[in-house]
Amino acid sequence: MALRELNFTFTPEDPRPFPLGWSHRGVVGSGDMEVMFEQADLGGQVQVKVCTPVVGFDEVWERVLDRCIKESQVSDVSIEINDNNATPVVVAMRMRQAIEEARKEAE
Amino acid sequence: MTVEVMIGRGRDAIDMVVDPGSFHENQVGDVTFPDDIGPGAVVGEAAIDGRDVVVIANDAQAFNDKFPVVYFGVIGLEEAYKMAKVVYTTIKQDADKPVGEKRPLVLIVDTPGNGPGKIEEIFGMNKATGSYQLALAEARKSGHPVIALVIGRAISGAFLCHGLQADHILSLSPEFGTMIHVMPITSISRITKMDIERLEELSKENPVFAAGPQFFYQLGGVDELVENVEDMRPVVARHITEVEAAKLAGDGDATGPMGHGTLGEERGGRMMRRKVIERMEDEFASVAQRYL
Amino acid sequence: MSDWKSLEAKSFYGASARERAIGIVDEGTFTELAGPQNRMSSPHLPVLGEAVEWDDGCVTGVGLIGKHPVFVISQEGRFIGGAVGEVHGAKMVGAFVLARQMYDRIKEEHPDELAERLPAVVISFETGGVRLHEANAGLLAHAEVMDQIQESKGKFPVISLIGSKVGCFGGMGFVAAATDVIVMSDLGRLGLTGPEVIEQEMGKDEFDSADRSLVYRTTGGKHKYIMRDANYLVEDTLGDFHDQLTAIMDAPYDEIVKCRRIGSEELVDEQLALAELSVEMAPKDARDVWAYFGNEDVDQIPEMTTAEFLAVAKRR
């Protein structure tokens, strides 16, 4: 059962470009994940790649990520996630932390 | 071809590798080692094709009465320090000899592990196995050819201790039941929750987790597989010559663990190792000035 | 990035590998090398369906302590127990290679300031040793690290920091033993055979791995300090580890290497004598050893704070 790769694209309504060149958060502990945000010229869109050992949660991933991007309206960023069985709550929290801290750091 | 299993026969292997009757147990130059310390390790001097060598082997038949976890070839506290002491003694005695005349160290490997007990941990088994490795590395770097020959079991930390610091590592081929691994595939299967059949299938493509000398060969951790017991002596002798030539040429990283890293890439087994080191060198080059 | 000053107050035990890497060198001096942006993760884990991490559980980089360039290796226990695979091991080796290059360069460019600019390799251990998913490559990497430690001898110090959750066990236990200096906190644990493995191989009567206090008595910082297997015992903050490192690097190299416990014939003689003493002493527990070396109230030792312990501890 090789690792699975999921790819998503999102289009926020009120795009707020990611303010840093790159930002990395998290550790791939059990039930946790790491995430890398990298600025990208995506015309207001967001690309997400998730690498996960878990099968059958494609829709859950899409919903969690979609909610997160709606909430932050982050855009023009390529997001990569290395997941190790993180729960939706952890995913949402890590994403929010990364975006908020990047915005704070960019100020 | 005769398949003569050598597991548990460290003493026989010494006789098969060195010149007949040349092995003097517990004697290294003018130093005599006590026979009541570290019975699981057999040490002494001998000759191969008339040239003096120092031999360090496991005796899987011996029991160490002082340390009850030591039998079956286990390297305990006394064994590891005795092995280290033999190496330092050899280095000291040959200190004034030029490279090319320093005595080779021949390690005959058949060990299932390091001493795993409570006393061992209280007194620091990690120091014992560490000290033997440092001694071997020092011998290798000061010009002694160090050749390891796996005749039986070379398991995990015990192989690191007794074998993996050698310049060149040889192993009897898998037909002899030779075992080189960290854990058997059954344990890997339990930990990774994958079927043994699937793991065996995967190991054909990728040698990094499977048990056996052929996989270590692909990863560069074994220089040569020896197909017949009769070949043990000539192959060891040839590798002594090859290693000595590399040392005389002055390339310290051509043999030993770093050399085995290069070999692992040449054989397609470890393809990331060099890339990682080079990436670090590249990135550091761009910031080095800040640290000078 | 976390604020360095607040990092200094943070528990070393609970800090991530990256926080430790940043916090053990001087403020604002750490540069990560082969960091997550490089995505140099394990090529072997995906095949087995195992999650990867871009730094492969090993943060490497360079910082300063005073004028000393310090090459940092920091292991992350939350990622597969900090276990060493091909990439993780290569990063460790890479740090040594860079330190040696730096040493040569300083010798050439600043020959008069070699002492104050002497580089070091500092390893913040959090590992059980070989990563079983890529065990063979991990084992071979251990041998390379040992080779690199020997190669560093006579040039620059290699220093171990042990105080993280997973401790330092397996093959990395002897890697730590082979370094010049070992700094531990009370919460640090160091050994070769992990508690679970001893129990598995020898039975619960020999070693009950669930008995936390037994595990700490046998492998913990205070025991290792009494045995002189740890040279320094410090409080559990990043700042205390940083301060101890600074004090070590302030000393001349010839003084630093006196901390070694193995690595020469004389030290092997000393350790062999200790092994013989273990037979004579036949301790049932580490407490018997503490008492043998002159410590009173051995039952109280595990309860003492680090400061209380340091004030009364009698060492080997």
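Biologist: What makes strand β6 (residues 181–185) and β7 of chain C a pair?
Modeller: Strands pair if DSSP finds at least two bridges between them. β6(C) and β7(C) share three, in the parallel sense, so they qualify. One bridge joins C:Val183 to C:Tyr232 in β7(C). Mind you, this is a predicted model: local features need pLDDT of at least 70, side-chain atom pairs count only at pLDDT 80 or more, and totals for chains, interfaces and linings use all residues. Residues are numbered from 1 along each chain as its sequence is written, while chains are lettered from A and ligands numbered from 1 in the order written.

Biologist: Why are β1 (31–33) and β7 (232–234) of chain C called edge strands?
Modeller: The open sheet runs β1-β2-β3-β4-β5-β6-β7 in chain C, with mixed pairing. β1(C) and β7(C) each pair on one side only.

Biologist: What makes residues 125–141 of chain B a helix, α4?
Modeller: Helices are DSSP runs of H or I with at least four residues, strands runs of E with at least two, numbered from the N terminus. α4(B) has 17 residues, so it clears that bar. Its C-alpha span is 25 Å, close to the expected 24 Å, which is 1.5 Å times one less than the number of residues.

Biologist: How do you know whether α4(B) is largely enclosed or not?
Modeller: Buried means 20 or more other C-beta atoms within 10 Å of a residue's own (12 or fewer is exposed, in between partly exposed; C-beta atoms are placed from the backbone). In α4(B), 16 of the 17 residues are buried, so the rest of the structure largely encloses it.
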